[in-house]
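User: Could you take a close look at one part of this model for me, and then set it beside the rest? I'd enjoy a connected account that I can follow on screen, with the cut-offs spelled out.

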Amino acid sequence: MEIIKINKKDWNGGLAKSRKAYRLYGPIRVADKYFSEFGALAEDEVPDMSATDTRLSPKSIAFPPSEVMLEYTLDENSEDCNIMKVPEKEYPHRAIIGIRPYDAAAYLLVKKNFDTSEVRDPYWCDAYDACTFIGLAVQEPSLLDFSTSTNSGPFDESGLDVLLVDAGDSYLAKVITDKGKAYLKAAGWGKEAGKDAAGKIEALKKKAEAKIQSSVSFDNIRQKSVMELFEADFWEDTAFACMNCGTCTYVCPTCWCFDIQDETHGKKGVRLKVWDSCMYPLFTLHTTGHNPRDAKVQRVRQRFMHKLKYFMDKYEDGIMCVGCGRCIRSCPVNIDIRNVCQLMNG
Amino acid sequence: MLAYIDKIKEISGKLLKDGKVDMVIGFRKGSMPMMNEPCFVREAADVQNLVWDSNCGINLANYLAGRKEKIGIIAKGCDTRNIVTHIVENKIKRDQLTIIGVPCKGMIDRRKVSERFEKEIIEAEEKNGSVIVKSADAEDTLKKEDLLQDNCSICIHRNPVIYDELAADLVEEQKDVDRYADVRKIEAMSAGEKWRYFEDLLAPCIRCYACRNACPLCYCPTCFVDESQPQWVGKTLDPVDSRTFHFLRAYHCAGRCTDCGSCVRACPMGIDVRAFTKKLEKDALDLFGWEAGMSVEERPPLDTFKPDDPEAFIK
Amino acid sequence: MENPYLPYPVRIDDIEIATEDKSLKTFKFVFINKEDEEKFAYKAGQFAELSIPGKGEIPIGIASSPVEKGFVTFTVNRAGLVTTHLHNMKKGDVMGIRGPLGNWYPWDLLAGKNILIVGGGFAFTTLRSSIIYMLDPENRSRFGTIDVVYGARTPGMLLYKDELIEWEKRDDINMHLTIDSPAEGWAYNVGFTPPVTEEKAPKGDENTYAIVCGPPVMIKFTLPVLEKLGYTHDHIIMSLENRMKCGFGMCGRCGIGKELVCKDGPVFTLDQINQTPREY
């Protein structure tokens, strides 16, 4: 495994150099605030490498809150009147700098939904394919971080092309894929780190993992039947505080549900993909007025069952959660997925 | 305020044991610093789980609408005003409720605490009007009054306006607070400045509707943003649609809003949603001498007509 | 791979009022690009998204049959935004169709078996598609007996009435039409679908499958009847409906447990349904 040493003095220069071939994304400190948001970096902007979890997850790089999928004209003089067209879209190379390893791992979970052997969502997939993920290892995990118990972790390489590890006055850049290698080359970073680098990364990883205080376990959930969990008696208590605000689903790096909406302005219009949430009654409302998930408790149950049971059964994989803790932090009424997981696993 | 909890438990336990209520709605300890979780208790033995401190900002009236049980509800000043509004608007019956009033000295805005520390808050303990806060790399003792939610620091109805039981002696109401300094500032702006002000204010909105769902007033079976025939509002982040949503929602709360601050507390993007409702609250006071939720006997000014209602706006 | 969100442009070739109360119309579409018809190759039981630019899309079962070439038909109830607009459209208008979507009745499994079809009201569209498919000279010998119980409130509310009458005359299909209460000139059964099923349907056995489509109340009372007749849960096949958007398993709303009605369904056996939450 190749490890490159990037002197922090060369960091900004390398980023600038890489801009010739890549559009850069990264955490951006919100003015006067204590948090950062993920976004496209302006020409002279550098990513906030000291950022903790961004408030919203970086999922929007491939899954924007609203995205034009198709366009149409209602102009009867046009020969394309009422015929949907795919607009021209470009997907230039993007380097996602400083993404948290578990946020990148979340992309792999979302990929299972958007990129299947039968159907491929071209918008998500093309955007994802254009990304090179230059992750930054988490060395000071937050109180709410339970990523090590979700098959991810603070140094998880699974979703990354390069893993950066902060080593004081330099970054150790572990090259994971050819895509990652190409990015480092474009930035002009090529100095091999010494022989001890791998050991150093391993030691820092152990140290970071040891700092993580919370965890979930879901082994028993796997064994239980869907109906047993669905009919469990703790849902009323779990769901009581919920206001169905949907914040948890909006900040989550793995929630992918969306709505499709047409918007017409004058004679021209677009068909859009828009974030949606299982917390909203409208999500499942039939035209007849019948709603299979009419009650709040049904919607809360759906969210946790999807993440912690249905996903696991469908893909014979782990849970649909990387343990970033955003939903816990943002929930206005402190509903905690760790507690719910424990109840389900109990 | 910490001392209230023993009394709250005692009253709640008795109500449940005597069968006067089927459930008590209150708070239980949260899983992270400065957070508690709204909950219900059905068994007298479980009142031990109830907590009360300055992290109980969620308006519990929000959990009443449409419920059929006999309910004991722990309610601070603003909660009781929204309970009154619910009763007036037929969302719950007065005789279903046993209101356990809690005089309040304001709730902590956890974002204000976070802003004062470089690193994540690990622990926050309340003691005699102070909050001892530990972050990952620092510790400090802060004055609670500096950390209050904005609406709490200008609140003039800290005591419950309606109650059956009291968890403590009534507190002195704040006097000489300037409730509308922020509104006047916006009122004084030119049209262009106002436009930019609201544009900036709403720029972070992700249209999740957390503000609406946290609001005890927003109980419409189908909110106008969810209507499809006709569809009044688009669903994207188009600023026109975000603006339409926030302004219309605010107007729907005119003369009903108690300035409980739930909307601000819930917004994941930290938008000061009160900037909309506050102006209408001020207008209700200026035009009709009206404060929402003060009496179950009176209907809000916008669903009644009085011959002497101001008409200056009809031109 | 093609963009799965992009509908094929179609032209409305014909519109027929399908029920006496005019709440249902049958739309016949032809593909504007001939090659799209081949791409749209479907099986009886599948559905498609009817797409009207500016209004949206609506998932509707395909009423035409794979053995009918040159067009596709859909019978649509006027209910919401898109269907109301569709009902106001005219012959010659252009719109879109996206599909075919979902699974189909398990035709490989059903080969060589006796088939009982139970339908109610306007949930007869994919059942029509299935009957036409099975009665096709190429296919008829591949199936055993075919029994059809179909009920509606009044004779005028039965879909595809001309075809029903034709089928009544054939001896390779046993029709059991019924209406809720007696009507002048009605020569067939009177009564709700479940009791007529109990009286007329063949007994269930290893070689007989029931396909059931209808309003919830009909389903509720028909299932016990089928059990009584000896149909096991893996021999009862149903088609579910849920709110859908994408139609191919990505947007997340139509899930019942881990199954997505749009992609893993809409066709499920009762056995499968029993193992999922009843969230439809």
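Analyst: Happy to help; here is the close look, beginning with one strand and working outward.

This is a predicted model, in which local features need pLDDT of at least 70 and side-chain atom pairs count only at pLDDT 80 or more, while totals for chains, interfaces and linings use all residues. Residues are numbered from 1 along each chain as its sequence is written, with chains lettered from A and ligands numbered from 1 in the order in which they are written.

Let's start with strand 6 of chain A, residues 131-136. (Helices, H or I with at least four residues, and strands, E with at least two, are DSSP runs numbered from the N terminus.) Six of its six residues are buried, so strand 6 of chain A is mostly covered. Here, buried means that 20 or more other C-beta atoms lie within 10 Å of a residue's own, exposed means 12 or fewer, and partly exposed is in between, with C-beta atoms placed from the backbone. Cover is found on both faces of strand 6 of chain A: A:C131, A:F133 and A:G135 are buried on one side, and A:T132, A:I134 and A:L136 are buried on the other.

The strand also has partners along its edges. Strand 5 of chain A, residues 94-99, pairs with strand 6 of chain A in the parallel sense, over five bridges; a pair requires that DSSP finds at least two bridges between the strands. In that pairing, A:A95 is the residue opposite A:T132. Strand 7 of chain A, residues 162-166, is likewise parallel to strand 6 of chain A, with three bridges between them. There, A:L136 stands opposite A:L164.

A loop of the chain offers another view. A:K8 sits between strand 1 (3-7) and helix 1 (11-18) of chain A. Why is A:K8 partly exposed? Because 13 other C-beta atoms lie within 10 Å of A:K8. Apart from neighbours within four places in sequence, A:K8 is in contact with A:D169, A:S170 and A:Y171, where contact requires backbone-placed C-beta atoms within 7 Å. A:P332, on the other hand, is 324 residues along the chain from A:K8, and 39 Å separate their C-alpha atoms.

Now step back to the domains, whose bounds come from an automatic or database assignment. Chain A has domain 1 (3-59 + 88-211) and domain 2 (219-267 + 274-345). Taken over C-alpha atoms, the centres of domain 1 and domain 2 of chain A are 28 Å apart. Domain 1 of chain A gives 24 residues to the contact, and domain 2 of chain A gives 18. The side that domain 1 of chain A turns to domain 2 of chain A has 10 nonpolar, eight polar and six charged residues. (Nonpolar covers Ala, Val, Leu, Ile, Met, Phe, Trp, Tyr, Cys and Pro, charged covers Asp, Glu, Lys and Arg, and the others, Gly among them, are polar.)

Chain A also meets a partner: 39 of its residues are in contact with 35 residues of chain C. Elements that give two or more residues to this side of chain A include strand 4 (66-73), helix 2 (101-114) and helix 10 (296-315). Strand 9 of chain A makes the largest share, with five residues. By class, the side of chain A that touches chain C has 23 nonpolar, nine polar and seven charged residues.

What does chain C itself contain? It has eight helices and 15 strands. Its radius of gyration is 18 Å, close to the 19 Å of the globule rule for 280 residues, so chain C is as compact as a globular protein of that length; the radius is taken over C-alpha atoms, and the rule is 2.2 Å times the number of residues to the power 0.38. The C-alpha atoms of chain C fill a box of roughly 50 × 45 × 35 Å along the principal axes, and 51% of its 280 residues count as buried. Among contacts in chain C with a separation of 6 or more, 70% involve residues 24 or more positions apart.

One open sheet of chain C has six strands in the order 4-3-6-1-2-5, with antiparallel pairing. Its edges are strand 4 (56-61) and strand 5 (72-77) of chain C, each pairing on one side only. Within chain C, strand 1 (residues 8-17) and strand 2 (residues 24-31) run antiparallel and are joined by seven bridges, with C:I12 opposite C:F29.

Conventions: Two residues are in contact if their C-beta atoms, placed from the backbone, lie within 7 Å.
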